[in-house]
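Here is a set of questions and answers to read with the sequence and the structure side by side. Try each question yourself before reading its answer.

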Amino acid sequence: MGNKNNVMCSFLENAERFADFINGSLYGGSSVILPEQISECQTVYSQNGESRDLLKLVCEGGSYTLIGVENQAQVHYAMPIRCMEYDLQEYKKQLRNLKTKYRRKEKEDRYKLTSAEFISGLKRNDKLYPVTTIVFYHGMEPYDGCVNLHDMLDFKEKNEIFKQYVSDYQINLVTLRALDEKNFQTELRDLIGLLKRSHDKKEFLKFCRENKHRMSEIGEETFDAISVLTDREDLIEKKRAYVGKGGRINMCKAMEDWAEELKQEGINQGMG
């Protein structure tokens, strides 16, 4: 299954879940972005080999926005620079595409450029698509990294006078601990609910029981993601025992069996 970041990336790759993540984490569950508005985008930038976790093109009418998601199981202390570089690469790619278009069609009057436009690589009234990156920290420890570029820079003593002239860059940080699982409509709701409770066995089982109507019939991809992200990869090997109608999996039963195993282990250790 790979590491936890790869698993989360695979889970959010799905357009329906990606839209649900954006709506649930940024807009309180309102359906601002719809799955049918989402298109795939290239995530690797050939010039430097850098690769984003996820990048989607969101189209609404004639408006386009590029939304990236960086998944982090651990705190990344250079995240403002990392996100800034990714967003810059995307803007540079858009500029390259415009420059190429104008060079290919320079003989047509409407594509002819003034000298200033030629140097710039775009026309005076050209607009680029907005790019934004969301950092999803799904670790359980508090996020103690910088959330903007200024916090990473040394502005002590005499450097303080330059702060107003140094452009800042703010990251869009979403933390697991701050999310309300009720804001999500897909099985992301159950994944987040269980992740938030993964370090408390009683709360973990309580969530399963209280949401039995959903937890008794989850998809295989969700089952695998929950198993890895909650450090229960052993469940993947046992999942055939919990497959029901239509290939749906009874996560609730899997957790009840797990609780019983823990109980028996405790009894056996006490007898020993």
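## Reading a predicted model

Q: In this predicted model, how many of the ten residues of helix H8 are buried?

A: Helix H8 covers residues 220-229 and is mostly covered. Residues count as buried when their relative accessible area is under 20%, and those of H8 that do so are Thr222, Phe223, Asp224, Ala225, Ile226, Ser227, Val228 and Leu229. The number of buried residues out of ten is therefore eight.

Q: Which residue just after H8 takes a positive phi, and what is the angle?

A: The place to look is just after the end of helix H8. There the residue with a positive phi is Asp231, and its angle is about 60°.

Q: Which residue forms a salt bridge with Asp231?

A: Side chains of opposite charge can pair when their charged atoms come close. For Asp231 the closest N and O atoms of the pair are 2.9 Å apart, and the cut-off for a salt bridge is 4 Å. The two residues are 227 residues apart and link distant parts of the chain, with Asp231 in the loop between H8 and helix H9 (234-238) and its partner in helix H1. That partner is Lys4.

Q: Is Asp231 buried or exposed?

A: The relative accessibility of Asp231 is 53%, and the class called exposed begins over 50%. Its partner Lys4, with a relative accessible area of 27%, is partly exposed. Asp231 itself therefore counts as exposed.

Q: How are helices H1 and H2 oriented where they pack?

A: Two packed helices are described by the angle between their axes and the distance between the axes. Helix H1 (residues 4-13) and H2 pack with their axes 5 Å apart and at an angle of about 100°. Angles of 65 to 115 degrees fall in one class, so the arrangement of H1 and H2 is roughly perpendicular.

Q: Which residues of H2 are met by Phe11, Leu12 and Glu13 of H1?

A: Helix H2 spans residues 15-26, and the three residues named in the question belong to H1. On the H2 side, the residues that they meet are Ala15, Arg17, Phe18 and Phe21.

Q: How are helices H5 and H6 oriented where they pack?

A: Helix H5 (residues 188-196) and helix H6 (residues 201-210) pack with their axes 9 Å apart, and the angle is about 155°. The contact is made by Arg189, Asp190, Gly193 and Leu194 of H5 together with Phe204, Phe207 and Cys208 of H6. Because an angle over 145 degrees decides the class, H5 and H6 are roughly antiparallel.

Q: Which residue forms a salt bridge with Glu40, and is that partner buried or exposed?

A: The closest N and O atoms of the pair are 2.8 Å apart. Glu40 lies in strand E1 and its partner in strand E4 (residues 54-60), so the pair ties together parts that are 16 residues apart in sequence. Glu40 is exposed, with a relative accessible area of 56%. The partner, with a relative accessible area of 0%, is the buried residue Lys56.

Q: Where do Lys238 and Asp234 lie?

A: The side chains of Lys238 and Asp234 meet in a salt bridge, at 3.7 Å from N to O. Lys238 counts as partly exposed at 32% relative accessibility, and Asp234 counts as partly exposed at 29%. The two residues are four residues apart, about one turn of the helix, and both lie in helix H9.

Q: Which residues touch Gln37, not counting residues up to four places away in sequence?

A: Gln37 has its place in the loop between H2 and E1, and it is buried, with a relative accessible area of 14%. The C-alpha atoms of Gln37 and Val58 are separated by 5.4 Å, although the two are 21 residues apart along the chain. The residues that touch Gln37 are Val32, Leu57, Val58, Cys59 and Glu60.

Q: Which residues make a nonpolar surface patch of about 250 Å²?

A: One member, Val32, is found in the loop between helix H2 and strand E1 (38-40). At 38% relative accessibility, Val32 counts as partly exposed, and residues in patches have over 30% relative accessible area. The patch is made by Leu26, Tyr27 and Val32.

Note on methods:
Residues are numbered from 1 along each chain as its sequence is written. This is a predicted model: local features need pLDDT of at least 70, side-chain atom pairs count only at pLDDT 80 or more; totals for chains, interfaces and linings use all residues. Side-chain values use heavy atoms; hydrogens and water are left out. Patches are made of residues with over 30% relative accessible area and no salt bridge: like charges are joined within 9 Å, nonpolar side chains (Val, Leu, Ile, Met, Phe, Trp, Tyr) within 5 Å. Accessible areas come from the Shrake-Rupley method with a 1.4 Å probe; for residues, only the protein chains shown count as cover. Buried means under 20% relative accessible area, exposed over 50%, partly exposed in between (1.4 Å probe, protein chains only). Axes are lines fitted to C-alpha atoms, for helices over the stretch in contact, and angles run from 0 to 180 degrees between N-to-C directions. Angles under 35 degrees count as roughly parallel, over 145 as roughly antiparallel, 65 to 115 as roughly perpendicular and the rest as oblique. Contact means heavy atoms within 4.5 Å.
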